[in-house]
Each structure stands twice: as C-alpha cells, then as structure tokens.
Amino acid sequence: MGERRRGGFQLSPRRFSRVTDPTMEKTVENPPTSAVLLDHCHFSQVIFNSVEKFYVPGGDVTCYYTFTQHFIPRRKDWIGIFRVGWKTTREYYTFMWVALPSDLKMELAKQQEVQFKAYYLPKDDEYYQFCYVDQDGVVRGASTPFQFRPESEEDILVVTTKGKVEEIEQHNKELCKENQELKDSCASLQKQNSDLQAELQRKQEELETLQSINDKLEQKVEEQKTCWETELLQLKEHNQKVSSENEKMEIRVDQLQAQLSTQGKEMEKLVQGDQDKTEQLQHLKNENGQLFLSLTEQREHQKKLEQTVEQMKQKEMTAMKKQQELMDENFDLSRRLSENKIICDVMQKEKERMERENDLLKKENSRLLSYMGLDLDSLPYQVPSSDPGGAGQKPGLVYGNPYSGIQESSAPSLLSIESCLICNSDFADGICDHTLEQQQRQPLCLNCPVCDKIFPATEKQIFEDHVFCHSL
C-alpha cells in the first residue's frame with residue numbers, strides 16, 4: 001500500500017473545522033456562507049496577487065488581492081482559506097473580514113491586503129487556496145493552491161507492500177514482547193541475587209553476634225554458679241523464715257475464711273437485691289413499652305385530628321366559596337331589585353299619567369255630551385268602570401262608546417250626519433265609533449322618569465336599558 005506525503009497531487013475534499021481563537025469566540029461573527037454547489041463563473045471578479053507556493057509554518061501570512069472594475073465590495077465580504085477540493089463555502093478553515101476602502105472610486109483599483117495570524121493557520125501539509133466570498137455567500141475569486149511547509153523540505157514518496165508491513169509489525173511486536181520478558185527475567189534474577197547477598201550478610205552478622213553472646217554467656221555461667229551457691233545458703237535461711245511465716249499465714253487464712261463466709265452472705269444479699277432491681281427494671285421496660293404504645297396512639301390520634309382540621313379547613317373554604325357565591329347572588333338580586341324598583345316607579349308614573357289622561361278624556365267626554373245636550377247617565381251603552389268584563393263594551397274603549405246614542409237621539413238636526421266608509425255606520429261631527437276605537441288602541445309613549453326623555457311604546461327594551469343606565 002502506497003503512502004503519499006507532501007506530494008503535488010490534488011486531495012480529495014472532506015469536512016473539517018476551522019481554527020478559532022478561544023478568547024474571541026464570543027465576539028467573532030460567523031461569515032455568510034452557502035450550502036449550494038458553486039460554479040466558476042464569478043471567480044475572476046477578484047484577483048489574488050503574489051501567492052506563494054509554500055508558506056513557512058509558524059509565521060503570519062499576508063494575502064494580496066485586487067478588485068476588478070465590474071465588482072463592488074460590501075461590508076460583509078470575507079476572505080477564507082479553503083482546502084483544495086472544497087464544494088461549498090461552509091468548508092472554510094479560517095477567514096478574515098475584508099476592510100472596505102475609504103474611497104471606493106480612488107482606491108478600488110489599488111492592491112488590497114489582509115493578514116492571517118499564524119495561530120489560525122493549518123498545521124498540516126495539505127494544499128489550500130484563498131477564496132473571496134461576498135456577503136451573499138458567493139465566491140468572487142480564488143487563488144492558486146499553496147502549502148504550509150518549510151521551503152528546504154523535499155517531496156518524499158514511500159512505497160511498500162501491505163503484507164510486508166504487517167509481517168514487520170508482527171515480528172516487531174514479538175521481539176518487543178520477548179525483549180520485555182528478558183528484561184523482566186533479568187530484573188527478577190538481579191533482585192534474587194541482591195536478596196541472597198543481603199541474606200548472607202545478615203546471617204554472618206547474626207553468627208558473629210551469637211558467638212559474642214555465647215562467650216558472654218559462658219562467663220556469666222561461671223559468675224552465676226558462684227552466685228547460686230551464695231544464694232542457696234540465703235535460700236535455706238529464707239526457707240526457715242518462710243516456714244515460720246507460713247504458720248502465721250495459716251492462722252491468717254483461717255481468719256480470712258471466716259471473713260470470706262461473711263462476705264459470701266453479704267454477696268447473696270447483694271445478688272438478691274440485684275435480682276429485685278432486675279425485676280424492677282423489667283417492670284419499667286414494660287411500662288416504657290406501654291407508654292410508647294400510648295404515645296403511638298396519641299400520634300395517630302393527632303394525625304387524625306390534623307386530617308380532621310384539614311377537612312374542616314376544606315369545608316371552611318367550600319363554605320367561604322358558597323358564601324361568596326351567595327353574596328354575588330345577593331348582589332345580583334339587589335341589582336335586579338333596584339332595576340325592578342326603577343321600572344315599578346316608571347310604571348307608577350306611567351299609571352298616574354294614564355289616570356290623568358283618563359280624567360282628561362272623561363272631562364272631554366262630559367264636555368262633548370253637554371255640548372250635544374246629552375246626559376252621561378242617560379246613555380244606553382255606557383259601561384261602568386267597575387265592570388271590566390261587560391258584554392256591551394267594545395275592545396279598547398274604557399268608558400264605552402259615548403257617541404252611540406247620538407244616532408237614536410231626537411236632535412239629528414243639530415249635527416250633520418255622515419256615513420263611515422269602513423263600518424257603514426252613521427256618525428256626526430266627523431267622529432265614528434270605529435275611528436275613536438282606533439285612536440284609543442294606538443300605543444302610548446314611554447317617558448323617562450329621570451331625564452323626561454320620550455320613547456315609543458314599541459321600543460320598550462331600549463327604554464328599560466336607558467332607565468337602568470341612570471342607576472349605574
């Protein structure tokens with residue numbers, strides 16, 4: 001398999017991320033790009049000058065370019081470094097914004113430049129090129145390819161076979177493994193040798209120490225033998241003293257046995273008291289258990305009380321909501337009562353007005369009858385006002401037809417007699433029963449009791465809304 005390094009071949013395009021400055025990530029704005037595959041029809045509007053074939057890594061790179069007369073730069077234009085083989089403007093490695101000339105007419109034809117810092121430049125030896133991209137994401141110019149490498153470095157082409165490489169790698173792994181095993185074995189042997197030498201040195205030191213101790217012990221044995229003889233005499237004397245003291249001790253033992261029996265009785269009493277205390281302690285434990293059960297019951301009762309209190313709170317909240325609803329309903333009823341009261345006042349005033357009009361009609365009726373020489377009590381078709389269901393009364397006439405007796409009266413010569421075109425009845429003075437009935441059936445007007453505004457009787461709802469507005 002062949003491996004290509006720094007060769008003058010065109011590289012296959014692939015995605016890669018551009019280098020960014022961590023201190024400027026919050027301030028640098030991404031340039032406008034486009035994901036559309038671009039053609040080469042606009043690449044000649046910006047011309048790149050003095051493009052080197054190689055740029056030394058670690059140094060800044062200055063890009064020189066010139067605008068043609070058919071291109072006008074804009075504020076969001078930028079120059080990016082693209083790896084050769086790119087397809088869209090989103091595949092830039094790094095970029096720099098284009099500085100607009102202060103005077104476009106005078107400086108447009110001059111050579112422009114932009115500098116790329118070494119920190120943002122690629123670190124590999126692939127082929128790259130400069131591309132001028134406008135603020136719409138369209139490429140307006142592209143340079144010749146270049147590389148980032150030292151100028152003295154030559155192209156190297158290494159060719160080998162894949163099988164040979166794998167065999168060499170396998171052999172290398174085996175040699176490394178064997179070398180490591182030998183190193184481990186050598187280190188283990190060295191450690192064992194050093195341990196044996198240390199053990200031998202330690203044994204020799206122990207032997208010398210034991211020899212010295214043996215000499216000292218032999219000397220001490222001689223000295224001890226002499227001391228033992230002296231001590232034997234002293235022991236005999238001491239034995240006699242001990243015998244005499246032993247007799248005294250026997251007497252003391254008897255005394256101690258008597259004292260021990262007394263203490264045993266006292267111990268029995270203490271044991272009995274201990275048993276009583278144990279029983280009392282058990283009784284206290286039982287009482288403690290009962291108290292704990294009582295405390296548990298009290299806690300459960302307290303929880304039930306808390307639940308009851310919570311239920312009472314909920315009932316109180318429900319009662320408050322119900323009270324609020326009743327208050328709202330009471331307010332609504334009060335408002336409706338006020339409206340009904342206003343309407344009642346209006347109807348009362350209307351009733352009084354109707355009574356006044358009725359009195360006026362009575363007076364007018366009496367005047368007309370007196371003018372005609374008739375008496376109200378002598379009318380044959382008069383209906384008392386207390387009899388609302390009289391059979392002789394026509395619909396719509398409160399006091400009957402005051403002119404119905406005129407046709408039967410003995411004074412037809414006083415008034416001119418005419419015939420009604422609707423009911424074909426005779427009447428005098430241009431007044432017919434049919435005409436008077438229509439006049440009384442006409443709807444009355446409604447007067448506002450507050451502002452005396454008049455409404456037709458057909459607009460009763462508008463009249464009620466108007467009266468209600470006065471109460472707000």
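Is proline 122 buried or exposed, and what is its relative accessible area? Proline 122 is buried, with a relative accessible area of 3%. Here buried means under 20% relative accessible area, exposed means over 50%, and partly exposed lies in between, with a 1.4 Å probe and protein chains only.

This is a predicted model, in which local features need pLDDT of at least 70, side-chain atom pairs count only at pLDDT 80 or more, and totals for chains, interfaces and linings use all residues. Residues are numbered from 1 along each chain as its sequence is written, and side-chain values use heavy atoms, with hydrogens and water left out.

**Proline 122 and its loop**

Proline 122 sits in the loop between strand 7 (112-116) and strand 8 (128-133). Strands (E, at least two residues) and helices (H or I, at least four residues) are DSSP runs, numbered from the N terminus. Arginine 83 is 39 residues from proline 122 along the chain, and their C-alpha atoms are separated by 9.6 Å.

**The sheet**

Strand 8 also belongs to an open sheet of 4 strands. The order is 6-5-8-9, and the pairing is antiparallel. Strand 6 (92-97) and strand 9 (139-142) are the edge strands, and each pairs on one side only. From one strand to the next, the twist averages 25°. Axes for such angles are lines fitted to C-alpha atoms, for helices over the stretch in contact, and the angles run from 0 to 180 degrees between N-to-C directions.

Two strands pair if DSSP finds at least two bridges between them. Strand 5 (residues 78-83) is joined to strand 6 by 5 bridges. One bridge links isoleucine 81 with threonine 94 in strand 6. Strands of a sheet pair through backbone hydrogen bonds, either parallel or antiparallel.

**Cysteines**

How many disulfides does the structure hold? The count is 0. A disulfide is a pair of cysteine sulfur atoms within 2.5 Å. For cysteine 131, the nearest cysteine sulfur is that of cysteine 63, 9.8 Å away. Cysteine 131 is buried, at 0% relative accessibility. Cysteine 227 is partly exposed, with a relative accessible area of 37%.

**Two residues with positive phi**

Serine 50 and aspartate 452 come next. Serine 50 has a positive phi although it is not a glycine. Aspartate 452 also has a positive phi and is a residue other than glycine.

| Residue | Phi | Loop | Relative accessible area |
|---|---|---|---|
| Serine 50 | about 55° | between strand 2 (46-49) and strand 3 (54-55) | 54%, exposed |
| Aspartate 452 | near 60° | between strand 14 and strand 15 (454-455) | 61%, exposed |

**The cavity**

Rolling a probe the size of a water molecule over the atoms shows where empty space is left. On a 1 Å grid over the protein atoms alone, a cavity is a set of points where a 1.4 Å probe fits but cannot get out, and lining residues have an atom within 4 Å of a point. Grid points are joined across faces, edges and corners, and a volume is the space filled by probe spheres set on the points.

The count is 1 cavity of 30 Å³ or more. About 30 Å³ of space lies in the largest cavity. Its lining is made of Val346, Met347, Glu350, Leu446, Asn447 and Phe463. Helix 2 (162-372) and strand 14 (446-447) each give two or more residues to this lining. Helix 2 has the largest share, 3 residues.

The lining divides into 4 nonpolar, 1 polar and 1 charged residue. Ala, Val, Leu, Ile, Met, Phe, Trp, Tyr, Cys and Pro count as nonpolar, Asp, Glu, Lys and Arg as charged, and the others, Gly among them, as polar.

Note on methods:
On a 1 Å grid over the protein atoms alone, a cavity is a set of points where a 1.4 Å probe fits but cannot get out, and a pocket is an open set with protein on both sides within 12 Å along at least five of seven lines; lining residues have an atom within 4 Å of a point.
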